[in-house]
Amino acid sequence: MKYLLLGYTSAAGWDAATADAPTEEALAAFAAYQKFEKELLDSGELVTTEGLGHPAVSTTVNRTPDGVTATDGPFAELKEVLASFAVIDVAGRERAVDIASRIVEVLGEPIEIRAIMGEDFTA
């Protein structure tokens, strides 16, 4: 079963002006995450994982009465923003929760687990 792990971080703590200059704490957390990432790659459970660009440089595409429009930037005051994602392929939800729990231990930020609907999707 495949799961999407969505990693969130504090919007206030992620300054767009310094997004390309991570803190020592962020670098240490990333190094610890990379070790865990290698474990998941070695076990065959990690499909892919990526960090995401800062929300200030995002684009949202919507359908409006005037047609489809693309608008740049964030739209609302957010407390947390989506910062990363990983796709895992594991035996079931319990293992997905175990993996997400380890990521939370390392990074200290919340992880949302979403099942990916596919051939083996059973909810």
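## Strands, a helix face and some salt bridges

Leu-6 sits opposite Phe-85 of strand E5. This is a predicted model, where local features need pLDDT of at least 70 and side-chain atom pairs count only at pLDDT 80 or more, while totals for chains, interfaces and linings use all residues. Residues are numbered from 1 along each chain as its sequence is written, and side-chain values use heavy atoms, with hydrogens and water left out.

Let's stay with the strands for a moment. Helices (H or I, at least four residues) and strands (E, at least two) are DSSP runs, numbered from the N terminus. Two strands count as paired if DSSP finds at least two bridges between them. E1 (residues 2-10) runs antiparallel to E5 (residues 80-89) over nine bridges. E1 also pairs with E6 (residues 111-115), again in the antiparallel sense, over five bridges. On that side, Leu-6 has Glu-112 as its bridge partner.

Now for the charged side chains. A salt bridge here is a side-chain nitrogen of Lys or Arg within 4 Å of a carboxyl oxygen of Asp or Glu, and the structure holds five of them. Here are three:

| Pair | Closest N to O |
|---|---|
| Asp-42 and Lys-38 | 2.8 Å |
| Arg-102 and Glu-39 | 3.1 Å |
| Glu-112 and Arg-114 | 3.4 Å |

Asp-42 and Lys-38 both belong to helix H1 (residues 24-43) and lie four residues apart, about one turn of the helix. Arg-102 and Glu-39, by contrast, link distant parts of the chain: Arg-102 is in helix H2 (residues 93-107), Glu-39 is in H1, and 63 residues separate them.

How accessible are these side chains? Buried means under 20% relative accessible area, exposed over 50% and partly exposed in between (1.4 Å probe, protein chains only). Asp-42 is exposed because its relative accessibility is 57%. Arg-102, at 30%, is partly exposed, and Glu-39 is partly exposed too, at 41%. Glu-112 comes in at 28%, so it also counts as partly exposed. Arg-114 is at 46%, again partly exposed. Elsewhere, salt bridges that share partners tie Glu-45, Arg-95 and Asp-98 into one network.

Glu-45 is worth a closer look. It lies in the loop between H1 and strand E2 (46-51), and at 13% relative accessibility it counts as buried. Leaving aside neighbours within four places in sequence, Glu-45 is in contact (heavy atoms within 4.5 Å) with residues including Ile-88, Arg-95 and Ile-99.

Ile-88 and Ile-99 lead on to the core. A nonpolar core is a set of buried Ala, Val, Leu, Ile, Met, Phe, Trp, Tyr and Cys residues joined through side-chain atoms within 4.5 Å. The largest one has 14 residues, and those with the most contacts inside it are Tyr-3, Leu-5, Ile-88, Val-90, Ile-99 and Ile-103. E1, H1, E5 and H2 each give two or more residues to this core, and H2 gives the most, with four.

What does H2 turn inwards? Its buried residues are Ala-96, Ile-99, Ala-100 and Ile-103. Seen down the axis of H2, these fall within an arc of 95° (taken from the directions from the helix axis to the C-beta atoms), so they line one face of the helix. The elements covering them include E1, H1, E5 and E6. The face of H2 turned away from the buried side carries the exposed residues Glu-94 and Glu-105. Just after H2 comes Gly-108, with a positive phi near 75°.
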